[in-house]
Amino acid sequence: MQQTPEPSPVYANKPLVTIGIPTYNGAGRIARSLTSVLKQDYPNLEIIIADNCSTDNTKEVVDTLAQGHPGIKYIRHEKNIGMMPNFHFLLTHGTGKYFMWLSDDDQIEPGTIPKYVQFMEEHGDYSLVSGIIKHWKEETLDVVESGFTFEQKSPAVRMLDFYGKVVYCGILHGLMRRDLAKNVPIHNIIGNDYHFVANLAYLGKVKNFDFTGYNKHLGGTSKSFRQYAKAMGESDLTGRFPHFKMASDAYGEINQRSPVYAHLSFLSKQFLGVGAFVGVLFSYHVRIQIVERFRKRIFRPLQSVFGKQNHKIG
């Protein structure tokens with residue numbers, strides 16, 4: 001019987017990190033995201049690409065990029081299983097101590113993974129870490145997400161604080177502990193990212209560093225809530241009023257859907273569910289609407305005079 005070789009000293013002290021890349025017809029995009037992973041300068045990476053039955057030449061593009069990189073695994077589904085099931089597939093098929101989702105048109109900033117791993121290795125009570133998330137519309141910086149650190153001792157306070165602050169939820173693309181994340185349910189609903197991160201915030205502290213970690217490119221299903229809702233199989237009404245649906249689902253997540261909160265009493269679930277419901281609506285209808293109105297009245301007229309500005313949430 002062939003013996004399994006001992007790990008080399010280079011890899012021995014570096015925990016395995018799984019990067020999961022879901023894709024569908026991503027031949028024209030995936031080179032950018034995959035290249036950003038290969039530039040991480042981290043020696044122990046497992047890169048899994050889950051192709052949701054693409055009809056273009058995604059496989060050929062990946063095969064070319066994967067030459068000389070044995071850590072890249074390409075898996076093509078025989079039929080399209082849907083967006084969120086594909087995300088779930090990646091999480092369950094990863095084997096790393098840490099896990100990160102990377103959309104096929106996004107990029108991780110160079111040198112980010114080593115920084116995340118070092119922090120997580122030194123702080124065992126954290127479930128999720130992320131850098132600043134920048135959102136781009138083509139070459140224009142549109143939104144900057146920051147200030148999403150939740151380090152309170154109380155799991156309930158961390159979770160409610162997150163629901164009261166989240167708008168874009170790019171922090172879903174941070175680095176998480178896979179042993180915790182694999183126990184969090186993934187639902188095929190609009191706003192699943194809200195509830196997934198809220199679960200993680202309940203299970204551990206969350207750190208949002210002050211350096212850029214992730215670049216998100218707005219397009220496809222992320223272009224608008226109506227397109228996003230359609231991709232999820234939600235109604236057009238949900239696409240028009242997404243945050244009321246997200247708020248209702250936050251209540252349901254705590255009271256019914258997630259095993260993370262199963263140990264809580266009935267009254268505790270009711271209290272936290274109502275708090276989450278109010279938090280989601282407050283975050284959007286108070287915080288973001290005020291910012292958007294200010295942006296339209298002040299920033300946009302200035303853009304024509306002084307050039308393009310960015311929009312910071314956090």
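In the predicted model, P114 makes contacts with Q40, D41 and Y42 once residues up to four places away in sequence are set aside. P114 belongs to helix α5, which covers residues 112-122, and its relationship to D41 spans 73 residues along the chain, whereas the C-alpha atoms of the two residues are separated by 7.6 Å. The side of P114 left open to the surroundings is reflected in its relative accessibility of 26%, a value that places the residue in the partly exposed class, because this class lies between the limits of under 20% for buried and over 50% for exposed residues.

A pairing of residues distant in sequence is also found at A181, which is part of helix α7 (residues 178-181). A181 and S127 are 54 residues apart in sequence, and their C-alpha atoms lie 8.2 Å apart in space. Beyond residues up to four places away in sequence, the contacts of A181 are with L91, M176, F196 and L200. With a relative accessibility of 0%, A181 is counted as buried, because it falls under the 20% limit of that class.

H195, located in helix α8 (residues 192-203), is likewise assigned to the buried class, with a relative accessible area of 0%. Residues touched by H195, again leaving out those up to four places away in sequence, are Y163, I189, M246, D249, A250 and E253. A contrasting assignment is obtained for F266, a residue of helix α12, which extends over residues 266-306. F266 has a relative accessibility of 60% and therefore counts as exposed, the limit for that class being over 50%. F266 and N255 are 11 residues apart along the chain, with their C-alpha atoms separated by 7.9 Å.

Backbone geometry was examined at two loop residues. Most residues other than glycine have a negative phi. E138, which is not a glycine, instead shows a positive phi near 55 degrees, and this residue is situated in the loop that connects β6 (126-137) with β7 (140-145). C169 also departs from a negative value, its phi being about 60 degrees although the residue is not a glycine; the loop that holds C169 runs between α6 (155-163) and β8 (175-177). The solvent environments assigned to the two residues fall into opposite classes: E138 is exposed, because its relative accessibility reaches 71%, while C169 is buried, because its relative accessibility is 3%.

Pocket analysis assigned about 240 Å³ of space to the second largest pocket. Its lining comprises 14 residues, and those that lie nearest the pocket centre are P43, L45, H69, P70 and G71. Two elements, α2 (30-38) and β2 (45-51), each give two or more residues to this lining, and β2 makes the greatest contribution, with three residues. When the lining residues of the second largest pocket are sorted by class, 10 are nonpolar, three are polar and one is charged.

At the level of the whole protein chain, the secondary structure consists of 12 helices and 10 strands. The protein chain has 314 residues, of which 50% count as buried. Among the contacts with a sequence separation of 6 or more, 78% are made between residues that are 24 or more positions apart. The surface exposed by the protein chain amounts to about 15,300 Å², and carbon and sulfur atoms supply 55% of this area.

The confidence attached to the prediction varies along the chain. The mean pLDDT is 87, and a value of 70 or more is reached by 82% of the residues. Over residues 1-11, however, the pLDDT is below 50, and this stretch has three contacts in the model beyond near neighbours in sequence. Residues 305-314 form another stretch with pLDDT below 50, for which 32 contacts are found in the model beyond near neighbours in sequence.

Conventions:
Residues numbered from 1 in each chain as written. Predicted model: local features only at pLDDT ≥ 70, side-chain atom pairs only at ≥ 80, totals over all residues. Heavy atoms only, no water. pLDDT = per-residue confidence, 0-100. Contact = heavy atoms within 4.5 Å. 1 Å grid on protein atoms, 1.4 Å probe; cavity = no way out; pocket = protein on both sides within 12 Å on 5 of 7 lines; lining within 4 Å. Points joined across faces, edges and corners; volume = space filled by probe spheres on them. Helix = DSSP H or I, 4+ residues; strand = E, 2+ residues; numbered from the N terminus. Nonpolar A, V, L, I, M, F, W, Y, C, P; charged D, E, K, R; others polar. Buried < 20%, exposed > 50% of the residue type's maximum accessible area, 1.4 Å probe, protein only. Areas by Shrake-Rupley, 256 points an atom, 1.4 Å probe, with all protein chains shown as cover.
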